[in-house]
Amino acid sequence: MDPIVATFLILAAAIIAFLSARVPLEVVAVGVALGLWATGVLTLPQAFAGFGDPTVLFIASLFIVATALETSGVTRMVGAVILARAGTRRGRILIWVGGIVAILTALISINGAVAALIPVAAVIARRSGLSPSQLMLPMAFIASSASLLTLTGTPVNVVVSELAAEAGRPFGFFEFALVGLPLVAATIAIVVLLGPRLLPHHGPDPAPEHHTEREAETLSLVPEAVRTGTVRTQRRSRLHRGSRRTLAVTAVMVALLATGATPPAVAGLLAAGSLIVLRVVKLPDLYHGVSWTTLVLIAGMIPLSVAFLETGAADVVADALLAVVGQADPHLALIVVCVVVVVLGQFISNVATVLIVAPVATSIALTLDVSALPFLMALTVAGASSFLTPVATPVNLMVMAPGGYRFGDYWRLGLPLTVLFLLAAVFYVPLIWRF
């Protein structure tokens, strides 16, 4: 079979499996790798190279750091600050919650930050007399925008930075903040101003959680410790010692990442190893705190990106796209690419979406003889705009029951945010990262 045809068939099968939600994400990812080998598109080492990829190791280490911040009580101390300072006014509460969730997202990733603050937001809602529905979804949406502040905000950033390194240079640890900071500020402003009119006013859903197949698939991207609460904070006598050690190790990791003194995977593994040696994280907690589904998903989809580039499938898609929009203005191609990412990202993992679309974007940049950096950063911004459905991201689903939301509640506030992110991806990003 022709390698290009085989690559497209495997991609189509993977998308259908993702959309059906009947096949576990891990099975789809491993099936993609096996399919690429079975059809001769890639050799066996190439097909399974993703499982030893530095990107996967780095993301695994970030889950361990996030677990340490949770078990050592750092996130609970942050929540106490909000309770003490926020007061009872909705706008002030959202600004405080938004600022704290943004900081936590930048440090420990979006899923861990939102999971840590959901109980805090519930307490704040009760004490201030606000409906939880006015806090939970804004918190999730602010966290999505804050995932663009640092390299560690979301696995998508790590994946895109590695792809950027192959195209010329990686993105710096804080480089994402050039677009992330204005988007966080704009997101907070929108949820403060429009939230009262676009969000429902009711309490949490008292019914027990019965997840659909799609919801269960999305929640599988959240570490078990976050999903089930199996990781508990240390006893008070060890709390301060553990929190200090965790903060010190995290600060060193951030310094290594920010300065580029070591590769990201090395910095992350050093931090994770230090937390284990210092007994901040115990091995059972460590295994519960890692989202194995996320790691297998990325490891299995990386070879598909490689196949798209090596077989020329990405060039075929890029040529077809450019035949429609022309080659006069790269903004037109960027609009189409970002719209595809936004649409797919509402229904399948944004990590998988970016891995699928990134080779096409890189090929378009090469054909137009422009830098791939604006295309890759725009993909990151578009991938973060998963605001229209509860199954778009794990954090959207995590706040669904606590906020008492229904499926249709998301798009009302999510639509203006999606438009904002698309405009930023297409017009603002190229001003910072030039074509």
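## Helix packing and aromatic pairs

Helix α17 crosses helix α18 in a right-handed manner, a crossing being right-handed if the near helix is turned clockwise from the far one by less than a right angle, and left-handed if anticlockwise. The model is predicted, with local features needing pLDDT of at least 70 and side-chain atom pairs counting only at pLDDT 80 or more, while totals for chains, interfaces and linings use all residues. Residues are numbered from 1 along each chain as its sequence is written, and side-chain values use heavy atoms, leaving out hydrogens and water.

Helix α17 (residues 313-325) packs against helix α18 (residues 330-345) at an angle of about 120°, and their axes lie 10 Å apart. This makes α17 oblique to α18, because angles under 35 degrees count as roughly parallel, over 145 as roughly antiparallel, 65 to 115 as roughly perpendicular and the rest as oblique.

Across the whole structure, a search finds eight aromatic pairs, in which ring centres of Phe, Tyr and Trp (its six-membered ring) lie within 6.5 Å, with planes under 30 degrees apart counting as stacked, over 60 as edge-to-face and the rest as tilted. Two of these pairs are set out below.

| Pair | Centre to centre | Angle between planes | Class |
|---|---|---|---|
| F171 and W433 | 6.3 Å | 85° | edge-to-face |
| Y405 and Y410 | 5.8 Å | 65° | edge-to-face |

Both F171 and W433 are buried, where buried means under 20% relative accessible area, exposed over 50% and partly exposed in between, with a 1.4 Å probe and protein chains only. Y405 and Y410 are also buried, and ring pairs link F141, F387 and F421 into a cluster.

Technical notes:
Axes fitted to C-alpha atoms, helices over the stretch in contact; angles between N-to-C directions. Helix = DSSP H or I, 4+ residues; strand = E, 2+ residues; numbered from the N terminus.
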